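User: Please take a close look at one part of this model, a pair of packed helices, and place it in its surroundings.

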Amino acid sequence: MPLPDVEVRSAGRTFTKRAGPDRGREYVALENVSFSISSGEFLCLLGPSGCGKSTLLRMVAGFLPPSAGEVLVRGEPVKGPGMDRAVVFQGDAALFNWLTTEENVEFGLRMRGIPLAQRRRIVADNIRLVGLEGFEHHHPNALSGGMRQRVQIARVLANDPAILLMDEPFGALDAQTRGIMQQELSRIWSSRRKTVLFITHDIDESLLLGDRIAVMTAGPGATIKKVLPVPLVRPREFGENFLGLRREIKAAIEEEVMKSMRQVSDANSSGG
Amino acid sequence: MQRTAIFAVSLVCALLVWSLLAWWVAKPAFLPSPVKTFDGAIELIRSGELQADIAVSFARIIVGFALGTLIGIPLGLLMGMSPLMRTFMDPYVEFFRFIPPIAFVSLAVIWFGLGETSKIVLIVYTTVFMVAINTMIGVLGVEPDKRFAALCLGANERQVFVHVVIPAVVPNIVTGMKIAMGNSFMTVVSAEMVAAKSGVGFLIFNSRLFLLTEWIFVGIITLGVMGFITDRALRILAATLLKRYDVRL
């Protein structure tokens, strides 16, 4: 059996509060998280906000070490950020605002010392792939939110990583743009077949994109509640099967949301 | 167009108020009229004294400012990048923050004499301080995701520093330079008043001895114009050369 591209084995992450009245207190964000993603698979990590989805992605990316368990990429423990795992970040703070679209997409190639002619070709290909022709010389602040996310996607694809880690990449976009971006991503993924870890709190988004959906429990001590395969053909649309799956996931998620709301109200009543 | 018109009207208003006040006071040695001040300026220009003083003051500012910036940027980057360096420098930053360069004028004269060096050293001091602190704040403010993104794209630590940190910090450096430029003017004038034989500050201070109040006015107005021109020059330079870094002044 081939090694999975990403394997998380009973990983946990604890944070120590650095400020505030309860300074020094430990907060268990993630506990005993296990899942794996095989090569070329699109896994959606779905969970209520604040459950530690981003923390989990950052551990796979190598930005944050796990406090317990291990994170393996192709069988090797993750030691830090690496070129094999590209990250599409939630906001646009990760874009280089002093560089144009073209220069942003070129960044990785330039750092790696790829010759200019080859660089030009790869950059043009990827700009075309994400539909940003005509905006090559624009700076990020002259682009719309959807376009900035396209720049981020082109920037990581240009580097041809094996694994794509996407942290709610469309979370800040309006519903219309989000719909278009989801279709585009689905199209791009079909042509490039990367291994993807995609974080979202949007059930429909996870159903449109994922091969499998890992539903997370509410924090603290969040973990994977269940993993559901999505046996729908692409391109996907709202049909009977879609709605059936959606009901199932919705029930699971709602249970977690209620749980986290109860925790908040308990904390309030005991604190007050 | 409209802006220029309002600007002109504003200037005329100021001249009118000044003229009225001068006429009402009626003591040229106390408050010279705009006309008398203008005559004073012509007199100073004819003798070549004003140009010489401007040149001397400008030269001091430019040399001190340039040297200070050249030292301040790397120092600020170092303080931003290295927690050890930051902690090491912290007591000095907190201490010297409250000491204006003017406080060091006498000391500068004792150590470096009445010549150019003492003034330049003082300007270097104020510039290094402002530029280094603003640069450091900039480095500390670089979004961690920018560094992470670069690392994921295959950059090494050195490349992250050169291609991410430095470009991201350019706006902060320019802000520091702008504040430092204002401080340099204050510093050079105060230094020239206390210990110099030339410069606009010297002109202002020396005119007092002869009760040539209109010359004092000429000196003050000259300073304002010099500052205005320098600030504009800095803005235009930043807007053209550093356009891509999104420098806002």
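Analyst: The account below begins with the helix pair and then turns to the chain contact and the domains.

This is a predicted model, in which local features need pLDDT of at least 70, side-chain atom pairs count only at pLDDT 80 or more, and totals for chains, interfaces and linings use all residues. Residues are numbered from 1 along each chain as its sequence is written, with chains lettered from A and ligands numbered from 1 in the order in which they are written.

The axes of α2(A) and α3(A) (residues 116–129) come within 9 Å and cross at roughly 130°; axes are lines fitted to C-alpha atoms, for helices over the stretch in contact, and angles run from 0 to 180 degrees between N-to-C directions. Helices (H or I, at least four residues) and strands (E, at least two) are DSSP runs, numbered from the N terminus. The two helices α2(A) and α3(A) are therefore oblique to each other, since angles under 35 degrees count as roughly parallel, over 145 as roughly antiparallel, 65 to 115 as roughly perpendicular and the rest as oblique.

From α2(A), the residues T101(A), E102(A), V105(A), E106(A), L109(A) and R110(A) meet R119(A), I122(A), V123(A), N126(A) and I127(A) of α3(A); contact requires C-beta atoms, placed from the backbone, within 7 Å. This helix contact comprises 5 nonpolar, 2 polar and 4 charged residues (Ala, Val, Leu, Ile, Met, Phe, Trp, Tyr, Cys and Pro are nonpolar, Asp, Glu, Lys and Arg charged, and the others, Gly among them, polar).

Between the chains, 20 residues of chain A and 16 residues of chain B take part in the contact. On the side of chain A, β6 (85–88) and α2 (101–111) each supply at least two residues.

Terms used:
Two residues are in contact if their C-beta atoms, placed from the backbone, lie within 7 Å.
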